[in-house]
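Dear colleague,

Please find below the structure I promised to pass on, together with its sequence. My notes on helix packing and salt bridges follow it.

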Amino acid sequence: MTKNIRWGIAGLGVAGLGIGAYFLFFKPKKDANDGFDLSIVPRTSKKGGIKTTPGEAVEEPNWKNPYDMNYISDVKKWLRGKGIQELFPGAASSYAKTLKNAKGKFNDDEAAVQRIFKRLRDKTQVASISKAFWQQYKTDMWQYLNSFLSKKEMETYVHKPVRKLPNYKVS
């Protein structure tokens with residue numbers, strides 16, 4: 001090997017170490033709570049909620065869990081009387097039925113699940129479907145979907161579209 005080749009290899013080695021050190025030490029860390037946390041968490045904000053009257057605090061909704069059928073009532077309390085756009089009960093019932101029928105004996109209809117969650121405009125509509133699902137089938141919608149969809153399918157067809165939705169829309 002000639003002297004120039006040795007210096008070239010050494011230079012590439014140093015550059016590789018520099019790039020590796022950058023990714024090791026300066027790469028932005030992902031937030032551990034980036035996904036949906038469906039565990040039981042305190043329902044009040046860190047500041048104690050918004051004071052509406054002396055001694056009464058309104059609890060902040062759990063924005064990361066729109067699958068909770070009480071999400072809508074929590075948002076309404078949080079907004080203190082402002083109207084929000086909700087999914088019509090008939091549409092919520094129809095979507096719940098479609099989700100229930102998406103589970104098959106041999107083949108599941110993942111496309112139906114994907115279509116429904118792409119149509120939704122905000123997280124209160126997710127809660128409306130969850131409530132309709134509970135009223136019709138006495139089963140939690142999220143647990144039902146999780147029973148036949150893989151982790152990757154849940155992330156792709158359910159969580160990803162829902163994460164992009166606004167928390168609510170004022171009417």
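In this predicted model, helix α3 and helix α5 (residues 123-137) pack against each other at an angle of about 70 degrees, with their axes 8 Å apart. An angle of 65 to 115 degrees counts as roughly perpendicular, and α3 is therefore described as roughly perpendicular to α5. The crossing in which α3 passes α5 is right-handed. On the α3 side the contact involves A92, S93, Y95, A96, K97, L99 and K100, and these meet S128, I129, A132, F133, Q136 and Y137 of α5. Sorted by character, the residues of this contact comprise eight nonpolar, three polar and two charged.

Helix α3 (residues 89-101) also packs with helix α4 (residues 110-119), their axes coming within 9 Å and crossing at roughly 155 degrees. Because angles over 145 degrees count as roughly antiparallel, α3 and α4 are placed in that class. Here α3 passes its partner α4 in a left-handed crossing. The contact is built from Y95, T98 and L99 on α3, together with A112, V113, I116, F117 and R119 on α4, and its residues divide into six nonpolar, one polar and one charged. If you are looking at the side chains of α3, please note that Y95 and L99 are listed in the contact with α4 and also in the contact with α5.

Turning to charged pairs, how many salt bridges does the model contain? The count comes to two.

One of them joins the side chains of K76 and E86, with a nitrogen-to-oxygen distance of 2.8 Å. Since K76 belongs to helix α2 (residues 71-79) while E86 sits in the loop between α2 and α3, this pair ties together parts that are 10 residues apart in sequence. As for their surroundings, K76 has a relative accessibility of 37% and so counts as partly exposed, and E86, at 36%, likewise counts as partly exposed.

The other salt bridge is formed by E155 with R163, whose closest N and O atoms are 2.8 Å apart. Are these two residues buried, exposed or partly exposed? E155 has a relative accessible area of 29%, which makes this residue partly exposed, and R163, with a relative accessible area of 32%, is partly exposed as well.

With kind regards

Methods. Residues are numbered from 1 along each chain as its sequence is written. This is a predicted model: local features need pLDDT of at least 70, side-chain atom pairs count only at pLDDT 80 or more; totals for chains, interfaces and linings use all residues. Side-chain values use heavy atoms; hydrogens and water are left out. Axes are lines fitted to C-alpha atoms, for helices over the stretch in contact, and angles run from 0 to 180 degrees between N-to-C directions. Helices (H or I, at least four residues) and strands (E, at least two) are DSSP runs, numbered from the N terminus. Angles under 35 degrees count as roughly parallel, over 145 as roughly antiparallel, 65 to 115 as roughly perpendicular and the rest as oblique. A crossing is left-handed if the near helix is turned anticlockwise from the far one by less than a right angle, and right-handed if clockwise. Contact means heavy atoms within 4.5 Å. Ala, Val, Leu, Ile, Met, Phe, Trp, Tyr, Cys and Pro count as nonpolar, Asp, Glu, Lys and Arg as charged, and the others, Gly among them, as polar. A salt bridge is a side-chain nitrogen of Lys or Arg within 4 Å of a carboxyl oxygen of Asp or Glu. Buried means under 20% relative accessible area, exposed over 50%, partly exposed in between (1.4 Å probe, protein chains only).
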